[in-house]
Amino acid sequence: MPRELPGRSMTKSYAPILVILGVSILNAVGMVVASHVLNPSRPTPQKSMPYESGMIPLGDTRARFSVKFYMVAISFIVFDLETIFLIPWAVRARELGWGPFVAVFLFVVVLAVGLVYEWKKGGLEWD
Amino acid sequence: MLLDYSSGFHYLLALAPEVVLSVAGMVVLLAGVTGKREGGPGHELGWLSLAGLAAAAVANGWLYAGVAEDGATAMIAVDRFRLFANWIFLLGAAFAVVVSLDYVARQKLQAGEYYSLILFAVVGMMFMASARDLMIVFLGLELMSIGVYALAAFNRRDRRSAEAGLKYFLLGAFASGFLLFGIALVYGATGSTNIHDVAVAVQEGTAARGLLLPGVALLAAGFAFKVSAVPFHMWTPDVYQGAPTPVTAFMAASVKSAAFVAFLRVFLVGLGDVSSEWGPILWWLSAATMVAGNLIAVVQSNVKRMLAYSSIAHGGYLLVALVAGNDTAAGGLLFYLLVYTVMNVGAFAVLIVAGNQSERGSRIEDFGGFGWRNPVLGVFMTIFLLSLAGFPGTGGFMAKLFLLQGAVEARLWVLSVILVLTTVVSYWYYLRVAWYMWMKDAPEGTAPARLAVPIAAHAVLLIAAGLVLLTGVFPGAPLELAMGAVEGLVEVVAGR
């Protein structure tokens, strides 16, 4: 049988989220508008720079950078996801029993295969 | 053995071919990076993947022969439909691997990644065929697509290959978004992602139509992209032409088959009761695909690109089966996919051997006198071309015949006429290649050397040509299997 149809109850339970969304949009817009209306406008060259007291931006933002950073980012995502899956399981591991244990074990094995591949391929070496 | 999913182990058994093939894929991946000779020819990795495919086929046969499921509601279907489709994917992948052996060595591709990506893509296809839940459809589709995106761009020294990969990735991701949004809307309308539960909700009329119909439309758009039906076909010629040729063969045969199998299950089983709503959409998609695919193929001067448009046109014929929606058409679709996989991979295999040393050599002029220089290859290519065109005595003819039979049973007269007329148009561009091969002289300045054909490629060509002729003359046995595979598929909902 299909589960309970999404009807009025679902709409109702989403109502607070809509309220928060509305309040935050109004708040953000209000702050920008208010500061624009209230503050006196006396621009100087220093003030109209992108970062008023920071470095002067030089050159193109589309600079090339080493693919090594990309490798680190990918490895990070893999292990980040591993954490996301492992922690909820670990919190309830005792109640869940052996079935989910085997499932998580297989998941970690697959990730380990990926790690061995990356290692052998030289993805963990910086130079 | 009866699978009732009382223990989690039953899921592993139900997924035996997928599990075997995933393990094989990981073994190939690791074998590719361990060992000394990196950058070597990598033939042994190809044979290893072939062994993995064979093992998956054995597991599939075990499910086919002696395993039944309890009811027809579980997330993973263990039915003949899925298992028959699995044979098709495994056959297509095995052919693709064998014709890749020399290509990978010649182009110095990274063999471990190449073969393991093919295996993982096949796992995704098998998930799509087994999916009785829209989430599994999506997971399988992504698993397949991500593997194939990478494969399309695999020849990274070639700009066209990189372009093909990027184009396919961007448009494919976009189409996946449509599909996922469609799944979300169908879930919103029916309260379930299980295809069986969706079917029950649709039949009982408890589904909210305002959500269901946009969902169905988005699902149709997502699938139409994957099967490259005509308004959604723009990526196909560029991607098929740019991708490495064995990958193109794999994409045109197996990827398309997988998309059609999932398309059929979702639409005929899950949404069969609103077929009056999606029927006209698919009708127009099918008609447009047949007409445009065949007409554009006529003006192509590159054989690889011509075969890309031909695969679009074949997608149009297959869509006729979905519009017809009866058992004959569904069985005809499976039979067609089998024949189509074999003849398409065969034609591409000749192209791979002919395009020796480079991606060039696939212009139609390069085929001038090809048949006299390489009589064996010429005869094979002629058989595949005739079958693609649907010449009597070949599998392509029989396959079209059964599609037509399904269409006529569903009283789709106009579509049947379009199918026949566009088939006649298709004779022109298929036979033009044959004409160049046998009736024209070689282009100026080409070495008239005979091509050295690897034995493995010869074996594939021989098996493929044999299957094409066998299904053309004695279609009985495979047809019976295909018809048996769809028996009771559409009637899973009681009282339909």
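**Notes on chain B: the chain A contact, α8 and Gly472**

1. In this predicted model, 14 residues of chain B are in contact with 11 residues of chain A. On the chain B side, three helices each supply at least two of the touching residues: α2 (16-33), α7 (159-190) and α8 (195-204). The largest share comes from α2(B), with four residues. Sorted by class, that side of chain B has six nonpolar residues, seven polar ones and one charged one.

2. Now for α8(B), one of the helices just mentioned. Seven of its 10 residues are buried, so the helix is largely enclosed by the rest of the structure. The buried ones are B:Ile195, B:His196, B:Val198, B:Ala199, B:Val200, B:Ala201 and B:Val202.

3. What do the buried residues of α8(B) pack against? Three helices of chain B, namely α6 (134-152), α7 and α11 (245-270). Of these, α7 also turned up above as a supplier of residues to the side that touches chain A. After α8(B) comes B:Gly205, and its phi is positive, near 75°.

4. Over to B:Gly472, which sits in helix α19 (residues 455-473) of chain B. Buried or exposed? B:Gly472 has 23 C-beta neighbours inside 10 Å, and the cut-off for buried is 20 or more, so this glycine counts as buried.

5. Who surrounds B:Gly472? Leaving aside residues up to four places away in sequence, B:Gly472 touches B:Ser387, B:Gly393, B:Thr394, B:Gly395, B:Phe397 and B:Met398. As for B:Pro392, it lies 80 residues from B:Gly472 in sequence, yet the C-alpha to C-alpha distance is 7.3 Å.

Key: Residues are numbered from 1 along each chain as its sequence is written. Chains are lettered from A and ligands numbered from 1 in the order in which they are written. This is a predicted model: local features need pLDDT of at least 70, side-chain atom pairs count only at pLDDT 80 or more; totals for chains, interfaces and linings use all residues. Two residues are in contact if their C-beta atoms, placed from the backbone, lie within 7 Å. Ala, Val, Leu, Ile, Met, Phe, Trp, Tyr, Cys and Pro count as nonpolar, Asp, Glu, Lys and Arg as charged, and the others, Gly among them, as polar. A residue is buried if 20 or more other C-beta atoms lie within 10 Å of its own, exposed if 12 or fewer, and partly exposed in between; C-beta atoms are placed from the backbone.
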